[in-house]
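Me: I am new to this structure and would like to understand the reasons behind the words used to describe it. Could you take me through them with care?

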Amino acid sequence: MATTAKPLATLNEELAKSVALLEAVRALRLPAQVPGRFRALPNFQLALVAELAFLRCFLSWEIFLEECFLAYASGSETPSGTTYTCFLAAPNRESTKAILVGERRAFATWTNPKDVTQRAQLYFEKGEPFASALATAGGALADMVVVRNRIAHRSGTAAQNFLSLIRRRYGSVQPGMSPGRFLLGPAPNPVRRQIDDYVIVLKAASRQIAS
């Protein structure tokens, strides 16, 4: 019987690679004290890499959600042997994807946790295992969508939502604040960076869905 072990392992691997990329580039911030060493990397470039690392994390999360959804719809179980009742009666994986997409869209989106929860409640008994996991991580995931949209889009709405997030977190908007600077800044637990906090949330939610 197929399990969700592979999607979970793939997500954890991608999260680790993204953080490792950021740490590797962060090391280039060290002052050029050794003769002949390249110049130190500017802060704004490190912030851009943080945005890239975050986008990779979030994209991996979206792929994970889709893979687990399709796996459970096809009768797969968790590594511990748990299965979830699915109301879809599609003959194969491609047919399941086609049903999820519907007639008017090119693909099903997995960005907004509310949309994913509604989809899960439509096709799985009580929306599980997605509904509980997404509810637990709901606040952080909603903020991650705001950051993701600000990086990926230049629309006024994306910018205003990001500024609202910054005001809610810090009380005001600091000059030059960008998604990258926010991700490198302190999380609510100040011993961690915000991007590290988001990775912890994704790991916890994914374990709840696929373990």
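Reply: Let us begin in the loop between α4 and α5, where Pro129 has its place. The model is a predicted one, and the peptide bond from Glu128 to Pro129 is cis in it, with omega near 10°.

Me: What makes Lys126 worth a remark, and where is Lys126 found?

Reply: Lys126 is found in the loop between α4 and α5, and its phi is positive, at about 60°, although the residue is not a glycine. Most residues other than glycine have a negative phi, and most peptide bonds are trans.

Me: Is Lys126 called buried or exposed, and why?

Reply: The relative accessible area of Lys126 is 71%, and the word exposed applies to values over 50%, so Lys126 is exposed.

Me: How do you know whether Leu122 is buried or exposed?

Reply: Leu122, whose place is in helix α4 (residues 113-123), has a relative accessible area of 54%; the cut-off for exposed is over 50%, and therefore Leu122 counts as exposed. Its C-alpha atom is separated by 28 Å from that of Val147, a residue 25 places apart from Leu122 along the chain.

Me: Which elements make up the protein chain as a whole?

Reply: The protein chain has nine helices and zero strands, and along its principal axes the C-alpha trace spans about 65 × 35 × 30 Å. Of its 211 residues, 42% count as buried. Among the contacts with a separation of 6 or more, 63% are accounted for by residues 24 or more positions apart.

Me: Why are α1 and α2 called roughly antiparallel?

Reply: The axes of helix α1 (residues 5-26) and helix α2 (residues 43-73) come within 9 Å and cross at roughly 180°. Angles over 145 degrees count as roughly antiparallel, so α1 and α2 are described in that way. The contact includes Leu8, Leu11 and Leu15 of α1 and, from α2, residues including Cys57, Trp61 and Phe64. By class, the residues of this contact divide into 16 nonpolar, two polar and five charged.

Me: How do you know the orientation of α1 and α9 to each other?

Reply: Their axes come within 10 Å and cross at roughly 175°, where α9 covers residues 194-210. This angle is set against the cut-off of over 145 degrees, and therefore α1 and α9 are roughly antiparallel to each other. On the α1 side the contact includes Leu8, Leu11 and Leu15, while Val199 and Leu202 are among the residues of α9 that take part. This contact of α1 with α9 has nine nonpolar, two polar and three charged residues.

Me: Why are α6 and α7 called oblique?

Reply: Helix α6 (residues 138-152) and helix α7 (residues 156-170) have axes that come within 8 Å and cross at roughly 135°. Angles of 65 to 115 degrees count as roughly perpendicular and those over 145 as roughly antiparallel; the value for α6 and α7 belongs to neither range, so the pair is oblique. The crossing in which α6 passes α7 is left-handed. Asp143 and Val147 are among the residues of α6 in this contact, and Phe162, Leu165, Arg168 and Arg169 are among those of α7. By class, the contact has six nonpolar, two polar and four charged residues.

Me: Is Asp143 buried or exposed, and how do you know?

Reply: Asp143 lies in helix α6, and its relative accessible area is 10%. Buried means under 20%, so Asp143 is buried. Leaving aside its neighbours within four places in sequence, Asp143 is in contact with Leu165, Arg168, Arg169 and Tyr198.

Me: How many disulfides does the search of the whole structure find, and why?

Reply: The search finds zero disulfides. A disulfide needs two cysteine sulfur atoms within 2.5 Å, whereas the sulfur of Cys57 is 17 Å from the closest cysteine sulfur, in Cys68, and is therefore too far for a bond. For Cys86 the closest cysteine sulfur is also in Cys68, at 13 Å, which again is too far for a bond.

Me: Why are Cys57 and Cys86 both called buried?

Reply: Cys57 has a relative accessibility of 2% and Cys86 one of 18%; the cut-off for buried is under 20%, so both cysteines count as buried.

Conventions
Residues numbered from 1 in each chain as written. Predicted model: local features only at pLDDT ≥ 70, side-chain atom pairs only at ≥ 80, totals over all residues. Heavy atoms only, no water. Buried < 20%, exposed > 50% of the residue type's maximum accessible area, 1.4 Å probe, protein only. Axes fitted to C-alpha atoms, helices over the stretch in contact; angles between N-to-C directions. Helix = DSSP H or I, 4+ residues; strand = E, 2+ residues; numbered from the N terminus. Parallel < 35°, antiparallel > 145°, perpendicular 65-115°, else oblique. Left-handed = near helix turned anticlockwise from the far one by under 90°. Contact = heavy atoms within 4.5 Å. Nonpolar A, V, L, I, M, F, W, Y, C, P; charged D, E, K, R; others polar.
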